[in-house]
Amino acid sequence: MELTAIYYLLPALFMFCCGVYGFITRKNMIAMLISLELMLNAVDINFVVFNRFLYPGAFEGMFFTLFAIAIAAAETALAIAIIINIFRAVRNIDVRSLNEMKF
Amino acid sequence: MESTGSLILYFIVALSMVVFSVMAVTTRKILRAATYLLFTLFAAAVVYFMLDYEFLGAVQIAVYAGGIVVLFVFAILLTSRPGDNTERLTSRSRVLGGIAAALTLVVAGYALVSRCAIAFAARPAMENPDMETIGQTLMGTGHGQYLLPFEAVSVLLLACIIGGVVIARKR
Amino acid sequence: MFSNILIYFVVIPVVMLALLGLCRDVKQIRAVAVTGSLALLGLSIYLLVDYLGLRQTDSVSPMLYTDSWTWFAPLHINLAVGVDGISIAMLILSSVILLTGSFASWKIDQPKEFFLWLVLLSTGVFGFFISVDLFTMFMFYEVALIPMYLLIGVWGSGRKNYSAMKLTLMLMGGSAFLMLGLIGIYYHSSPEGSPLTWNLLEIAKNDAIPHSWQQFLFPMTFVGFGVLGAMFPFHTWSPDGHASAPTAVSMLHAGVLMKLGGYGCFRVAIYLMPYAAHELSYIFLVLTGISVVYGAFCACVKTDLKYINAYSSVSHCGLVLFAILMLNTTAMTGAIMQMLSHGLMTALFFALIGMIYGRTHTREITQMGGMMQILPYLSVCYVIAGMASLGLPGLSGFVAEMTIFVGSFKAGMADYLAGAGSLRLVFTLVACCSIVITAVYILRVVGKLLFGPVYDDHHRTLTDATWWERLSTATLIVCVAAIGFFPNFFSDLIKTTFSPEIFRVLGI
Amino acid sequence: MDVTIPILILSIPMFMFVFLGLLGMKMTHKLAGVLGCLGMGTVLLLSYYTAYVYFFSGAPEFVNAAGERLQYLVFDQTWLQFTDKLTIKIGFLLDPISAMMLVVISTISFMVHLYSMGYMRDHHGVYEHGFQRFYAFLSLFSFSMLGLVVAPNIFQMYIFWELVGASSYLLIGFYYIKPSAVSASKKAFIVTRFADLGFLIGILVLSYYTGTFNFTELTSVPVEGIAGVTQIDLGTAEGVRGIFANSAAPMFMGASVLTWALVLIFMGGMGKSAMLPLHIWLPDAMEGPTPVSALIHAATMVVAGVYLVARLFPLYLMEESALVIITVVGAITAFYAAVVACTQIDIKRVLAFSTISQIAFMMVSLGVARPEIHEGLGYMASMFHLFTHAMFKALLFLGAGALIHAIGSNDYTAMHGLRKYMPWTHITFLIGCLAIAGIIPFSGFFSKDEILSSCMGYDWVAYIWMSLVAGLTAFYMFRLYYLIFWWKEHKIPEGHHAPHDQPWTMTLPLVFLAAVSCVAGFIPFGNLVSWNGHPYDFMEHFDWSVATVSLIVALLGIGLATVMYRKENSLPEKFRNAMPALWTWAYHRFYWDELYMFITHRIIFGCVCRPLAWFDRHIIDGTMDSFAAITNKMSDVIKPLQSGQIQMYVWYYLVGALALGGITVLCLL
């Protein structure tokens, strides 16, 4: 049995779908953030897989993933800061209560 | 043709990736969700190792598993009390989320399986990138080298630190 | 750039804007407004005299004082100016109405902001009339429209927000058509291969707009300007807008801004696309012909003074567009004279209504009566305005209407005898009927409002016109009478403009 | 002839109007009145001089070698140029009828100016409010009327036609506080405006075909040698006929274009001269001050229609059908107005209907005039009657004014038996009545007799019809006379002093006009006025049989009136009860006013204006508003998409993107 790219891509896709599901269903903002991380990870895997299977000599996919990880870290840190701030303000991190941007 | 060991490893990894992802988004305890995320991230790191990107796998473990998940845990502990960390999902949101996820799965899966011949390409041989190559690539300014994004990311991180401090500081 | 006299029509208002910005109290504001508008009036009269002198030597070129300064070269946008008799007539009209409007808003609230917007509006108006570049023209047109929203919305009365919104949106809707038309003209402005231009004199000279395109662009531009000219069925902004607008704004709007519509229809739609004008005029003839009688009939049953005059404006402005579409010299001359005449007398009307409203706080004619005993000066002025409106000889309305009727009857008969249908003839006769209906609604108002016993005893204590009100109305009356007594001067001034090239295509 | 005097004739009243209008309120009442009278007096002298020079100087520009009177254009100034050919000019045309009208207008106008000095004040000598304004308006009217009659082109006539309409409006509505006066003035203006619409269209048609507005070009040929002088002739009319015969569409709805033009122009005349369907404004116009009625609504403005037809007479001769229409309209109006006049109780209304009837006489006379019948006697008779009628009708109105001034009411039931109290008024009024009844030797006898003669020459039906009307005229005038001055003793209401004759300013015009009415019949009018300027002695056409018959008819009418009304008796009552329906209808003027009220208020206002206004507000405006409403609705519909719920945004985005992606995958890849 040959492990072709699809073997890596399909679990990643499934992971992405889980992220989507989670992002849409969860009310807790941290849970949403977790779902976001899932999606990000799935995409990272895709980059790496395509780099590895199609352009084995080059490193673009790998470095892109590297940077994505860095940015994800930054983003998470910032998001969590915001979430904590919101929590301080409304004692609650339910995303549904945050509809000030309505209309 | 892969060795049986790597096949077994692959199946374990793929299975854990799928299972933990599902659990991460369906569990009602937020701390558990973070834990399942951690497992998923480990699985992803294993995938990187399997694809011969050891450095990337290491970074994945160090930054994601070591850094981000810890951040999550702190945040969770800060924002929720042990008693109320359960949440009820409405059936409407579940249906919506299910539709979106299923649709993604169908569309992307269909595209992958039936319209993407390259997805069935065999794995070519590759030299494991050594540290020197990575270092050169990351710090070089020539073609295919990434000093500028590197610096950009570092500035971004700096900005992020400052932003995090500004946002989170007590007024 | 500043050697051309025309540019000062824009420079003076801009300077006024700057000075108004520096003003501290109401006296300074009034001084700036009056001085500035007097300067504009003087400038336009000087221009008239100078123009007549120049015309003696140069009777060929369609416009004088032409000049052009590049503004945005890649799109051939220039600030191109030039005037002919019609533009000069319009410039004089605008400056007279600006002057009298300033007097009429002597006691307005928040004078600084009010005059700022008013002067900005007139900047647009003057700029429009001196421009010959379609793009600049359009830009000034928009500059004139937008302040209207604030002027009505802030200083208006009644349902002012609704009216301001309605007026602005409908006019902007018209501009959308207009812009489409203008851009279309631009892309067909020159023959294949040569650079495009916005300059309407050059476009007219090139005559390169294909006939198929004219049939599309003519309705666009005509409707675009026609909305401002209160063409049926796009006139409904006018009653509400005028009813809510403050006095000076009503004056300026009905007196000048609605003329932008007629002027634009003439200058852009017909001048540049005579072929389509000839082919499609029947559609618009029907619409404008309807406007003429329709507005008059509606005015017959309204009880709000401003509504009556707004509908009357619909009728009279309909006559302007109607006459333009007759496509012969006499009717067009009449149209321009009607623009002048209507501008002056409707400004007079709105000034008087504003003054009466300012005293009685009602515009319902059922709530008033016997004003002649209480406000003799204003009432006499109102009677004169009414007489001008119903076409009494010796005042401006008569000469304009008669010129229109003679011209359109000629066009109608020519059509009829040539077997080209009797549409023009029939609508000329229909339009003639408006002189009777006009008499009905004018006399109805005069009889109810001014004559008869005093309706409300509270009104007995009202005081008659103050000096600035007298000045404002008297100026307008003198102008109305001047046109009425010496029509040939104005008629000649306008007629010299109709260079044969307008009629080349029409074969008239 | 020098242009100074004609210009002065027009400009003095104009100047007086502006002067009194602007500064009148600053001066005393008396000064304004005196100034007005002085101005008009000057015009009177100048007009007399002009007419004298025209008729009697024998200068070659006025009379040619054959003794024919010519048209002379004193000046002609371009006022507004429509096209190369069509130009409105303001000018001064002197010919027999305009010279005659100058005399009539300036005389009556001066008399009225003078009379108003006395009339427009109460018994204590206090001037009425707006006295200066009254004189300003009188001057405006005089100016307009003079401008109308001297007009050398039809458009100038139209201009001044409108101006007299406006000044009539202002004068009828002089007592603007009275609602009835206001509505009467409005009615007068709108009815005549409606008629003027026909006039205007007629002008447009005529000028389109002939390419000119000038009367001279329409009706005359230029005389060789002297500029500005023309001779009325059928010859040019031949030229005009040629234009119409050869034009591309000479027929329109079964009638020739020329007929249409002439009938439409006549419609204008019908409005001003109060011919039948358009007569309703004139009785109401009596709301104005009585001198105004005398000047405008009896002597001058209302005959403008007759004058207009007379001006274009050679053209009318080309289309006999138009003349027939004029005759028929005139005949019906004459009879109608005479019948109505028999039943009215307001003396001014009686006089108003009498005016309508008499103007109709003139119209009939023009309608039956033909060059071949007594050398166009009808034309001359019409002008003659215009002249005499102006004098005696002004006299009657001024007399009525004196009565009203003395009694304070228009209603003759408040008068009765006044002959002892107001002898001057009585005598002059009687002269007026005799003149209008057509008793020899008063002026009305001669002019009416000429009219009847020309009717006789045209058609015997017209003759009998008009004789009948003449008899009715005598009857109703003497009915009025007896009811005012005889009938029964005058009762003086308590607290009032006895009515008495008026100050000299009012008596003098009465006496003057009475004197003119006595002698005007002996003016050799045929020598002065004829349709083509050719003088003739109308006594040649004087038919003693006609004269005798008309005299007998008049005496019969007077006799009947004497029997019925000289003393208080029950005959009128019996008479009325004998035919109540006729009496009621005649008393209500055959319900014309009600008919017009129905048409204007119910049909025009109720069925046209109101629905249109509703349509505008609800359909047109509603459409525009509904655009806005639809936009608002749309925004309301899509607004919830911006719910602020980030998860929903993601969902929309994702589903959208996936839909696009799915399509791409399925269709493109």
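**Exercise 1.** Among contacts in chain D between residues at least 6 apart in sequence, what percentage join residues at least 24 apart? Describe the chain as well.

*Solution.* The structure is a predicted model, in which local features need pLDDT of at least 70, side-chain atom pairs count only at pLDDT 80 or more, and totals for chains, interfaces and linings use all residues. Residues are numbered from 1 along each chain as its sequence is written, while chains are lettered from A and ligands numbered from 1 in the order in which they are written.

- Step 1. Two residues are in contact if their C-beta atoms, placed from the backbone, lie within 7 Å. The percentage asked for is 79%.
- Step 2. Chain D contains 26 helices and six strands. These elements are DSSP runs numbered from the N terminus: helices are H or I with at least four residues, strands E with at least two.
- Step 3. The C-alpha trace of chain D spans about 115 × 75 × 55 Å along its principal axes.
- Step 4. Of the 669 residues in chain D, 56% are buried. A residue is buried if 20 or more other C-beta atoms lie within 10 Å of its own, exposed if 12 or fewer, and partly exposed in between, with C-beta atoms placed from the backbone.

**Exercise 2.** Which helix gives the most to the largest nonpolar core?

*Solution.*

- Step 1. A nonpolar core is a set of buried Ala, Val, Leu, Ile, Met, Phe, Trp, Tyr and Cys residues joined through C-beta atoms within 7 Å.
- Step 2. The largest such core has 443 residues, and those with the most contacts inside it are A89(C), L348(C), L352(C), V364(D), A394(D) and M466(D).
- Step 3. The helix that gives the most to this core is α16 (residues 377-407) of chain D, with 21 residues.
- Step 4. Leaving aside residues up to four places away in sequence, A394(D) touches I108(D), M111(D), A294(D), A298(D), A299(D) and L513(D).
- Step 5. There is a second, separate core of 79 residues, which includes Y8(A), M62(A), A14(B) and F42(B).

**Exercise 3.** Which pair of chains has the most contacts, and what makes up the side of chain D that touches chain C?

*Solution.*

- Step 1. Four pairs of chains touch, and the most contacts are between chains A and B.
- Step 2. Chains A and C have no contact, their closest C-alpha atoms lying 21 Å apart. Chains B and C have no contact either, with closest C-alpha atoms 37 Å apart.
- Step 3. The contact between chains D and C takes 39 residues from chain D and 42 residues from chain C.
- Step 4. On the chain D side, β1 (71-81), α5 (154-172), α6 (179-210) and α25 (592-638) give two or more residues. The largest share, 13 residues, comes from α6(D).
- Step 5. By class, the chain D side has 28 nonpolar, five polar and six charged residues. Here Ala, Val, Leu, Ile, Met, Phe, Trp, Tyr, Cys and Pro count as nonpolar, Asp, Glu, Lys and Arg as charged, and the others, Gly among them, as polar.

**Exercise 4.** At what angle do the axes of α6 and α9 of chain C cross?

*Solution.*

- Step 1. Axes are lines fitted to C-alpha atoms, for helices over the stretch in contact, and angles run from 0 to 180 degrees between N-to-C directions.
- Step 2. Helix α6 (residues 160-187) and helix α9 (residues 237-244) of chain C have axes that come within 8 Å and cross at roughly 135 degrees.
- Step 3. Angles under 35 degrees count as roughly parallel, over 145 as roughly antiparallel, 65 to 115 as roughly perpendicular and the rest as oblique. The pair α6(C) and α9(C) is therefore oblique.
- Step 4. The contact residues of α6(C) and α9(C) divide into seven nonpolar, three polar and three charged.

**Exercise 5.** Which backbone angles of Y65(C) and D207(C) are positive, and where are the cis peptide bonds before P233(C) and P441(D) located?

*Solution.*

- Step 1. Y65(C), in strand β1 (residues 64-72) of chain C, has phi near 60 degrees. Y65(C) is partly exposed because 19 other C-beta atoms lie within 10 Å.
- Step 2. D207(C) has a positive phi of about 50 degrees and lies in the loop between α7 (200-206) and α8 of chain C. With 14 C-beta neighbours inside 10 Å, D207(C) is partly exposed.
- Step 3. The bond from F232(C) to P233(C) is cis, with omega near -5 degrees; P233(C) lies in the loop between α8 (211-228) and α9 of chain C.
- Step 4. I440(D) and P441(D) are joined by a cis peptide bond with omega about 5 degrees. P441(D) lies in the loop between α17 (423-437) and α18 (443-458) of chain D.
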